[in-house]
Amino acid sequence: MRVQLIATSNGLYPQAVELRERVLLKPIGYTAAKFASEYPEVEQKGEHFVAVIDHPSGRRVVGTVCLLPNYPERGIGKLTQMVVDEQRQREGLGRELVANLERRAFGELGLQALFCHAQEAAAGFYRKMGWEVAGEAFTEAGIRHYRMEFRPT
Ligand SMILES: CC(C)(COP(=O)(O)OP(=O)(O)OC[C@H]1O[C@@H](n2cnc3c(N)ncnc32)[C@H](O)[C@@H]1OP(=O)(O)O)[C@@H](O)C(=O)NCCC(=O)NCCS
């Protein structure tokens, strides 16, 4: 497995969108098209990381995450659309994707802090990555979420 930062013109990008739709969006009532129309910044300004494995039928995207740099303001970044294929969860792929995103955000882009809107069921995952809850729970797309933040020490 390797993690790559890809452009939306990359042939792997449609696989990443399909994975997001299947594992993350459909369960909360979204199609990829509806999500793209409500959150156009993800496709337009996002940096897309994919976890890729070599399969006899070709390269397969088994995880993805998106970084919105300098969003909503300069120096801050949003982690969004974090997803790992159901068959490959709890194998460390999510951790590897977040590590790559953090290296890019802090090491290359010079951001000062990252945040995400964590579904309640995934908050424990981000906590394991050293992220902290900031503020009260809120509802987004009908699901309880927490704002979570990470700053390098
Ligand atoms: C949440 C998700 C991205 C985690 O990815 P993953 O590849 O399974 O996570 P990893 O295997 O890298 O786990 C890293 C650590 O977090 C823990 N962890 C993973 N998911 C967890 C969860 N939902 N709650 C608590 N801890 C979790 C793992 O046990 C592991 O702990 P360890 O380091 O002590 O062994 C994945 O489960 C997923 O895609 N879920 C469905 C979509 C989703 O909820 N996305 C997030 C929306 S905010």
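Q: How many of the 7 residues of strand β5 are buried?
A: Strand β5 covers residues 113–119 (strands are DSSP runs of E, at least two residues, and helices are runs of H or I, at least four, both numbered from the N terminus). Buried means under 20% relative accessible area, exposed means over 50%, and partly exposed lies in between, with a 1.4 Å probe and protein chains only. β5 is largely enclosed by the rest of the structure, because its buried residues number 5 of the 7.

Q: What pLDDT do local features need in this predicted model?
A: Residues are numbered from 1 along each chain as its sequence is written, and side-chain values use heavy atoms, with hydrogens and water left out. The model is predicted: totals for chains, interfaces and linings use all residues, side-chain atom pairs count only at pLDDT 80 or more, and local features need a pLDDT of at least 70.

Q: Over how many bridges do β5 and β8 pair?
A: Two strands count as paired if DSSP finds at least two bridges between them. β4 and β5 run parallel and are joined by 3 bridges, with lysine 78 opposite phenylalanine 115 in β5. β5 and β8 pair in the antiparallel sense, with glutamine 119 opposite histidine 145 in β8. The number of bridges between β5 and β8 is 6.

Q: Which residue in β8 is the bridge partner of glutamate 132?
A: Strand β6 (residues 132–133) pairs with β8 in the antiparallel sense over 2 bridges. The β8 partner of glutamate 132 is glutamate 149.

Q: Which residue takes a positive phi in the hairpin of β7 and β8?
A: β7 and β8 run antiparallel and are joined by 3 bridges, and glutamate 140 stands opposite isoleucine 143 in β8. The hairpin has 2 residues between the strands. The residue with the positive phi, near 50 degrees, is alanine 141.

Q: Is leucine 79 buried or exposed, and at what relative accessible area?
A: Leucine 79 sits in strand β4. Beyond four places in sequence, leucine 79 touches Val65, Cys66, Val98, Leu101, Phe115, Cys116, Tyr126 and Trp131 (contact means heavy atoms within 4.5 Å). Leucine 79 counts as buried because its relative accessible area is 2%.

Q: At what relative accessibility does arginine 104 count as buried?
A: Arginine 104 lies in helix α4, residues 93–108. The buried residues of α4 include Leu97, Leu101 and Arg104. Arginine 104 counts as buried because its relative accessibility is 19%.

Q: Which side chain is joined to that of glutamate 47 by a polar contact of 2.6 Å?
A: Glutamate 47 belongs to strand β2 (residues 47–55) and is buried, with a relative accessible area of 16%. Among the residues touched by glutamate 47 are Leu5, Leu67 and Leu109, which arginine 104 touches as well. A polar contact is a pair of N or O atoms within 3.5 Å; within protein, one must be able to donate a hydrogen and the other to accept it, and residues adjacent in sequence count only if both atoms are side-chain atoms. The 2.6 Å contact joins the side chain of glutamate 47 to that of arginine 104.

Q: How far does α4 reach from its first C-alpha to its last?
A: α4 has 16 residues. The expected span of a helix is 1.5 Å times one less than its number of residues, which is 22 Å for α4. Close to that value, α4 reaches 21 Å.

Q: Which residue forms a cis peptide bond with tyrosine 71?
A: The loop between β3 (58–69) and β4 (76–84) holds proline 72 and asparagine 70. Asparagine 70 has a positive phi near 50 degrees and is partly exposed, with a relative accessible area of 36%. The cis bond, with omega near 0 degrees, runs from tyrosine 71 to proline 72.

Q: How much of the ligand's area does the protein bury?
A: Of the 21 residues around the ligand, those that come nearest are Val84, Arg90, Gly92, Gly94 and Arg95 (near means a heavy atom within 4 Å). A backbone N or O atom of arginine 90 lies 2.7 Å from a ligand oxygen, and a polar side-chain atom of lysine 128 lies 2.9 Å from a ligand oxygen. Taken alone the ligand exposes 900 Å² (Shrake-Rupley method, 1.4 Å probe; for residues, only the protein chains shown count as cover). The part of that area buried by the protein is 77%.
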